[in-house]
Each structure stands twice: as C-alpha cells, then as structure tokens.
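Subject: Structure for you to look at

Hello,

Here is the structure I promised, with its sequence. Please open it first, then read my notes below.

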Amino acid sequence: MSASLPVFPWDTLADVTAHARSHPDGIVDLSVGTPIDPVAPVIREALAAASASPGYPTTAGTPALREAAVAAMARRYGVTALSEVAVLPVIGTKELIAWLPTLLGLGPQDTVVVPELAYPTYDVGARLARAQVLRADSLTQLGPQSPTLMYINSPSNPTGKVLGVDHLRKVVGWARERGVLIASDECYLGLGWDAEPLSVLHPSVCDGDHTGLLAVHSLSKSSSLAGYRAGFVAGDPAVVTELLAVRKHAGMMVPTPVQSAMVAALGDDEHEREQRARYARRRDALLPALRAAGFTVDDSEAGLYLWATRGEPCRDTLAWLAERGILVAPGEFYGPRGSHHVRVALTAPDERINAAAQRLSA
C-alpha cells in the first residue's frame, strides 16, 4: 500500500465473530465503540429544520456553531479564553486525526509521538504523511528528540486511563520549550467515572494560554452522533487558522444540516447527561461480572471501555469470550503492550449487556 498501512484490524476478527454469533442466545458485540442509543429529538429536529440547504456549507462553521462550541467547552469542561476563531468543525474526529499530519505539512523529516497504547488512527495518520512514528508514554522515553507533533489521549482509548493535572502541565511545558504541537484527543472527556478528566485547554493545565495546543472533540459518544460525522477541533488560533486554509482548498466541509444539529447538541446538556447515565448503568453491570469471572480490570477510570485481562494472550481471551457469545476487541490492536488485554465496550443495549453479565457469571 502507498503509505505502508497496516491491515485494517477489524478485518482479522471474522472467525471469532462467526463463533460468537453461533451462541444459542445470539452474539453480544462489545468489540466496537459504536453508539446504539437514539439520537435526541432536539438534535433530529434541528437537522430536519436545516435540510433545505442547497448551497455549499462553510468550512469554518457557522457563527452559531462556533459560539455553541465555545459555550459548551466552558460550561461542560471549564475551558476559558477560547475564541470562536479557534474552533473548526470536522467531518468526524477520525477524519481529522487521520489527516492532521498531512494538513500540517509533515513529512519524512518529522516525528509524530503517539501513546504506547493508542487509537490506531494516530499511527495511520502519521504513515499517510510518511512521517516517523514513536510510541512513548513518558517524556524520558523521548530522550533528546524534538518531535513535531505529539498526541495525548485522556481518557484513553483503549485503557480508560486519565492523565492528571500535574502530568498534563509537565507535558505542556515540555512541548512548549521545544515548539512541539500537542493534539489532545478528548472524545471521552465527559465520561469520567473514578476520576475527573481535564481538557488540555483547561486553565489549570495551560494557564489559559492555548498556544501550541489542539483539543479534539467528538459528538459521537456524548450525543450518539457517530452517524452524523460531527466533531470539532479547538485551541491555538494560529494553528486552527492554518488548518482552515488547507481544508478550504481540500473541500473538507461539514454539511449545513449537520452543523445545525451540532448547535442543538452542544446547547443541550440534558440529553448528554442521559447518555452518560446509560453508559454508567452498563458499566455497573459489566465491571463486577468481569471481575467475578476472574478478570483483572486495569485503569478504566473513565471512558467507554473496560480494559481487562486474564493474564493470557489476548487472542486466547477473545476465544474464551466468543465461546460464551461475547465479542470484544483484542488489546494488540492498540499496541504491543496490549497483547494480554482485551477492550470491552459499553456500547450495547441494556438487554445485551445484561446477557453478557449473566454469561460471565454462569
């Protein structure tokens, strides 16, 4: 392949998926973090009301959308000093992450740092730009290197680990001393369970200065809008302006009806609280069932997943669960350190979650 891309990981699960589907009571698919809950009426109504939009959408986003994003970041996450010109809608955050190194003009001379256990698209995006990739979780692992771009992800996908304020401040200070751009993937920021996640743009992290910082936010999880491809990036106005200029040329525009739906989603906190409660309920059912079945659940203090192990190779655990009709994601998808873990998603209907808990307890 032109950028030496890896095999799409989910394509390797065909056999184990078929085995799980053969369970007499059907499969419980906890492998992918795909939202399955209804889209709130207030969002659907906004989408429908804007459906008569024959003209091209604005790449920068409507003023209403940028205002709603700034207000939501302040109200929900305590982010201050964020200007509307420092917000840019994206066609789902996976798109932004996959193309960010290319949009920034990175190439073989640049190094992109990704977490040791990470969403695979960080690595894929660097490969598309033909940049070098370095997996590291601590600054000491980087040695004298000065990468161009560093991804951080808190709460983490897949582990659910939350980076504390001291850690975040240290990373921000280190990056600024070296002129390194930080892209903080904050798609699970509103799903803190045993810890309270912070945005990299929070004043306790960056002292209200967003220079060299990007925060990537998705409405897929908080508002069940994965099918809408609705997200945005916010932070350093100079970098956002640069991204806007390139995206105008490339035609990377969020459809006008989707922008209207995003305004509704960002302005309504009630549906977000209801969605959070659904995930909390499912977590409360699955977590004790996994532990009772002999699993150790590591990290998992926030986010949409449980990071679990039986102390064996992850493909063996995958087969053990498939025998019980439960499909999960092997930890090796997210990096070599995940070879003995599996990622268990909370994205299944309550009935299926309860079925999984019962099968684990049998």
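In what order do the four strands of the open sheet run? The order is β9-β10-β13-β12, and the pairing is antiparallel. One caution before the details: this is a predicted model.

**The sheet**

Start at the edges. These are β9 and β12 (329-330), each of which pairs on one side only. β9 covers residues 296-298 and is joined to β10 by three bridges, antiparallel. The two strands make a hairpin, with six residues between them. In that turn, Asp299 has a positive phi of about 50°.

On its other side, β10 meets β13 (residues 342-345). Four bridges join this antiparallel pair. One of the matches to look at is Trp307, whose bridge partner in β13 is Arg343. β12 and β13 are joined by two bridges, again antiparallel. There, Pro330 has Val342 of β13 as its bridge partner.

**Strand β10**

How many residues of β10 are buried? Five of its five. In a regular strand, side chains alternate between the two faces of the sheet. In β10 both faces are covered. Tyr305, Trp307 and Thr309 lie on one side, and Leu306 and Ala308 on the other.

Thr309 deserves a look. This residue is in β10, which spans 305-309. Is Thr309 buried or exposed? Its relative accessibility is 11%, so it counts as buried, the limit being under 20%. Its side chain reaches the backbone nitrogen of Gly311 at 2.9 Å. Thr296 stands opposite Thr309. Beyond four places in sequence, Thr309 is in contact with Gly294, Phe295, Thr296, Asp298, His340 and His341.

Next to Thr309 in sequence is Arg310. Which rings does this arginine cover? Arg310 lies over the face of Phe295, at 5.9 Å from the ring centre. Its charged end also sits over the ring of Trp320, 4.2 Å from the centre.

**Aromatic pairs**

The structure holds six aromatic pairs. One of them is Tyr188 with Tyr305, an edge-to-face pair. The centres are 5.6 Å apart, with 70° between the planes. This pair links distant parts of the chain, 117 residues apart. Tyr188 is in the loop between β6 (181-185) and α7, while Tyr305 is in β10. Tyr188 counts as buried because its relative accessibility is 5%. Tyr305 counts as buried too, because its value is 4%.

Phe333 and Tyr334 make a tilted pair, at 6.3 Å centre to centre and 55° between the planes. Both are buried. Elsewhere, ring pairs link Tyr119, Tyr122 and Tyr151 into a cluster.

**Gly33**

Go next to the loop between β1 (28-29) and α2 (41-49), where Gly33 sits. Gly33 is buried, because its relative accessible area is 11%. What does Gly33 touch, not counting residues up to four places away in sequence? The list is Lys221, Leu304, Tyr305, Arg343, Ala345 and Thr347. Arg343 is 310 residues away along the chain, yet the two C-alpha atoms are separated by 9.8 Å. Tyr305 is also the ring partner of Tyr188, and Arg343 is also the bridge partner of Trp307.

**Nonpolar cores**

How many residues are in the largest nonpolar core? It has 47. Leu82, Met150 and Leu201 have the most contacts inside it. The elements that give two or more residues to this core are α3 (63-77), β5 (149-153), α6 (165-178), α7 (203-206), β7 (213-218), β8 (231-235) and α9 (256-267). The largest share, seven residues, comes from α3.

Take Met150 as a way in. Beyond four places in sequence, Met150 is in contact with Val113, Leu139, Leu142, Val171, Trp174, Val180, Leu181, Ile182 and Ala183. Apart from this core lies another, of 44 residues. Its members include Tyr188, Leu287, Leu327 and Ala356. Tyr188 is the tyrosine paired with Tyr305.

Best wishes

How values were computed. Residues numbered from 1 in each chain as written. Predicted model: local features only at pLDDT ≥ 70, side-chain atom pairs only at ≥ 80, totals over all residues. Heavy atoms only, no water. Buried < 20%, exposed > 50% of the residue type's maximum accessible area, 1.4 Å probe, protein only. Polar contact = N/O pair within 3.5 Å; in protein donor to acceptor, adjacent residues only side chain to side chain. Contact = heavy atoms within 4.5 Å. Core = buried A, V, L, I, M, F, W, Y, C linked by side-chain atoms within 4.5 Å. Pairing = 2+ DSSP bridges. Phe/Tyr/Trp six-rings, centres within 6.5 Å; stacked < 30°, edge-to-face > 60°. Lys NZ or Arg CZ within 6 Å of the ring centre and 35° of its normal.
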